[in-house]
Amino acid sequence: MTPSPEPPPSHVRAAFGARDAEPELIDAGPVWRCGDAAIRPAGKPAEATWVAKTLDTLTVDNLRIGRPLRSTDGRYVVGGWAATKYLSGRAEPRHDEIVEVAVKLHEATEGLPRPRFLDARADVFAIADRCAWGEAGVELDDALGGRLHELLSAYRKPVTGKPQVVHGDLFGNVLFAGDAAPAVIDFKAFWRPAEYGAAIVVVDATSWGGADHSLIQRWSHLAEWPQVLLRATLFRLAVHALHPLSGPKSLVGLERTATKVLELL
């Protein structure tokens, strides 16, 4: 059993102007609504500060952004927690709209400088990303995706798209509230071609989000789509093989998506 997330302590809530608010876990967490604030764990202060500064100034037409909140003394991170303004909405299976969000968002992030923290990042997702692009070799559990990762890697060809800041985990981080503009509530940064972010959304949606595999074809007009989609599939396979909570059942959808991606190569 996964332990229940712990709410932000009272001094953290007070620092972000929510002293008297009762913490309310959003979905399965780990984000807590505390009045008008959404407070989340921020175990990596440099990365959390970068996300806060980026979301504070980013403007995208027809897109709501989870603007960061500063503490009473001006910090973005307090006691391992960061906060944004709470945005209404919930994750919904509006798959094409989430891909559209990825396209628009990455048009807006094209000019951002490369984050300095990326080189030092060594979490599962950073390692999996490097494996996907052939920049690192890590032993992957064959039964959890490693064997398929090895087979698909043989189909890699060079990608010429210019790297930039992309969001590598949009699926689940885009909220919808009726006819309101979609909301982006967090940012997991990578330094890859813009289409990579959209490709990860497609892989996630078709593997675990209930999307039909025709989603893959509907976005095939994006630049270097077969190869970028292959990298996104390799990324998720590596994450699955490395993540301690993965199991054979959660690999099934990803295997089906990989079969469809192979048809494009």
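1. In this predicted model, R231 lies over the face of W133, at 5.0 Å from the ring centre. A second placement of this kind involves R121, whose charged end sits over the ring of F190, 4.9 Å from the centre of that ring.

2. Both of these rings belong to a wider group, since W133 and F190 form one aromatic cluster together with Y196 and F235. Across the structure there are 5 aromatic pairs.

3. One of the aromatic pairs joins W50 and F187, and because the ring planes stand at 75°, with the centres 5.6 Å apart, the pair is edge-to-face. W50 lies in helix 2 (residues 45-57), whereas F187 lies in the loop between strand 10 (183-184) and strand 11 (189-192), so the pair ties together parts that are 137 residues apart in sequence.

4. As for exposure to solvent, W50 has a relative accessibility of 15% and therefore counts as buried. F187, with a relative accessibility of 3%, also counts as buried.

5. Strand 10, which precedes the loop that holds F187, is part of an open sheet of 3 strands, arranged in the order 4-10-9 with mixed pairing. Strand 4 (64-65) and strand 9 (174-175) stand at the edges of this sheet, and each has a single partner strand, so one side of each is left without a neighbour in the sheet.

6. Looking at one contact within that sheet, strand 9 and strand 10 pair in the antiparallel sense over 2 bridges. L175 has A183, in strand 10, as its bridge partner.

Definitions and conventions
Residues are numbered from 1 along each chain as its sequence is written. This is a predicted model: local features need pLDDT of at least 70, side-chain atom pairs count only at pLDDT 80 or more; totals for chains, interfaces and linings use all residues. Side-chain values use heavy atoms; hydrogens and water are left out. Rings of Phe, Tyr and Trp (its six-membered ring) pair if their centres lie within 6.5 Å; planes under 30 degrees apart count as stacked, over 60 as edge-to-face and the rest as tilted. Helices (H or I, at least four residues) and strands (E, at least two) are DSSP runs, numbered from the N terminus. Buried means under 20% relative accessible area, exposed over 50%, partly exposed in between (1.4 Å probe, protein chains only). A charge sits over a ring if NZ of Lys or CZ of Arg is within 6 Å of the ring centre and within 35 degrees of the ring normal. Two strands pair if DSSP finds at least two bridges between them.
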